Amino acid sequence: MRIIIEDSYESMSKKAALMLAGQILLKPDTILGLATGSTPIGMYKELVRMHKEEDLDFSNVVTFNLDEYVGLDKNDKNSYHYYMFQNFFNHINIKKENIYIPDGMAQDLEEECKRYERIIEEKGGIDLQILGIGKNGHIGFNEPDLKFEATTHVVKLDEETIMANSRFFNSIAEVPRFAISMGIKTIMHSKKIILLASGEEKAEAIYKAIYGPIVPKHPASVLQLHPDVTFILDKDAAKFIKLR
């Protein structure tokens, strides 16, 4: 495990973008796993800048998103499909056929989960997975539980997650109660993982992820078992970390 602590959200975002760009330069047809939420936005902005000003090439890159809300159309401004195109895909030269996001409007959600998992396997697995972390320690939408869910699945969102995500909606009543998410096994099969965290409200979750017991009630703790994981944190998220 590698821990990188930056002074600010901006420098944290640039560090993450540099690492992702380096992966693409080394392997132009790299398979990326991507996250949404407020934390990765700075990284996406920097990657867009690198594409426009430094010719960072996404033409052979394939992407898989971690998750999507159940019941939101892809054109809904709160869907992760909309988020990804507005914040990233519309501004780079990625091929639309190389973009994969779970379909939260699928008639058969169980079959959609199986389909998504099959495509990841057919593409050879994820080379670099970007993660955020919830205050309750969730990664993707893998909420605290009695067991680790292995592969892509439908998950019922915790009230804490619903409350946290309500800031993106007009009211808490509008927040979907279910989502499709990659499972822990799928995430852990990624060759490399980068987890981003910003802000003091994430500090306890980060501490438990790095130093706590590996338990399903704190899903991010499983990352301790991964052979190539990097935490990129701003100083507020790292307030409980003592570097050795």
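Contact here means heavy atoms within 4.5 Å. With that in hand, a convenient place to enter this predicted model is residue T39, in the loop between β2 (31-34) and α2. Leaving aside neighbours within four places in sequence, T39 is in contact with Y9, M12, L196, A197, S198 and K202. The relative accessible area of T39 is 11%, so this residue counts as buried, the limit for that class being under 20%. The C-alpha atoms of T39 and I194 are separated by 12 Å, although the two residues lie 155 residues apart along the chain.

Y9 also takes part in a helix pair. Two packed helices are described by the angle between their axes and the distance between the axes. For helix α1 (residues 9-26) and helix α2 (residues 41-54), the angle is about 55 degrees and the axes are 8 Å apart. That angle makes α1 oblique to α2, and their crossing is right-handed. On the α1 side the meeting residues are Y9, S13, K14, A16, A17, L18, L20 and A21, while α2 contributes I41, G42, M43, E46, L47 and M50. By character, this contact between α1 and α2 divides into ten nonpolar, two polar and two charged residues.

Further along α2 comes H51. H51 is buried, with a relative accessible area of 18%. Residues up to four places away in sequence not counted, H51 touches L56, F58, H91, I92 and N93. A contrast is offered by D55, which is placed in the loop between α2 and β3. With a relative accessible area of 65%, D55 is exposed. The backbone of D55 deserves a second look as well: its phi is near 60 degrees, a positive value in a residue other than glycine.

The strands can be taken next, beginning with an open sheet of seven. Their order is β1-β10-β9-β6-β2-β3-β5, and the pairing is parallel. At the edges stand β1 (2-6) and β5 (99-100), each with a single partner strand, so one side of each has no neighbour in the sheet. Helix α4 (residues 109-122) packs on this sheet, where it touches β3 and β5, and its direction makes about 150 degrees with that of β3. Between β2 and strand β3 (residues 62-65), four bridges hold the pair in the parallel sense. Within this pairing, L32 stands opposite T63 in β3.

Elsewhere in the seven-stranded sheet, β9 has partners on either side in the strand order, β10 and β6. Strand β6 (residues 128-131) pairs with β9 in the parallel sense over four bridges, and L131 stands opposite L195 in β9. Five bridges join β9 to β10, again running parallel, with I193 opposite V229 in β10. Five of the six residues of β9 are buried, so the strand is largely enclosed by the rest of the structure. Helix α7 (residues 203-211) lies across β1, β9 (192-197) and β10 (229-234), and runs at about 155 degrees to β10.

A further open sheet has three strands in the order β4-β8-β7, with antiparallel pairing. Here β4 (67-69) and β7 (153-156) are the edge strands; each has a single partner strand, so one side of each is left without a neighbour in the sheet. Direction ignored, neighbouring strands of this sheet are turned by 30 degrees against each other on average. The antiparallel pairing of β4 with strand β8 (residues 178-181) spans three bridges, and S181 in β8 is the bridge partner of D67.

Helix α3 (residues 80-87) completes the picture, with Y80, Y83, M84 and F85 buried. Why might some of these residues share a direction? An α-helix has 3.6 residues a turn, so residues three or four places apart point the same way. The cover over the buried residues of α3 includes parts from both sheets, among them β2, β3, β4 and β5, together with helices α2 and α5 (159-165).

Note on methods. Residues are numbered from 1 along each chain as its sequence is written. This is a predicted model: local features need pLDDT of at least 70, side-chain atom pairs count only at pLDDT 80 or more; totals for chains, interfaces and linings use all residues. Side-chain values use heavy atoms; hydrogens and water are left out. Axes are lines fitted to C-alpha atoms, for helices over the stretch in contact, and angles run from 0 to 180 degrees between N-to-C directions. Helices (H or I, at least four residues) and strands (E, at least two) are DSSP runs, numbered from the N terminus. Angles under 35 degrees count as roughly parallel, over 145 as roughly antiparallel, 65 to 115 as roughly perpendicular and the rest as oblique. A crossing is left-handed if the near helix is turned anticlockwise from the far one by less than a right angle, and right-handed if clockwise. Ala, Val, Leu, Ile, Met, Phe, Trp, Tyr, Cys and Pro count as nonpolar, Asp, Glu, Lys and Arg as charged, and the others, Gly among them, as polar. Two strands pair if DSSP finds at least two bridges between them. Buried means under 20% relative accessible area, exposed over 50%, partly exposed in between (1.4 Å probe, protein chains only).
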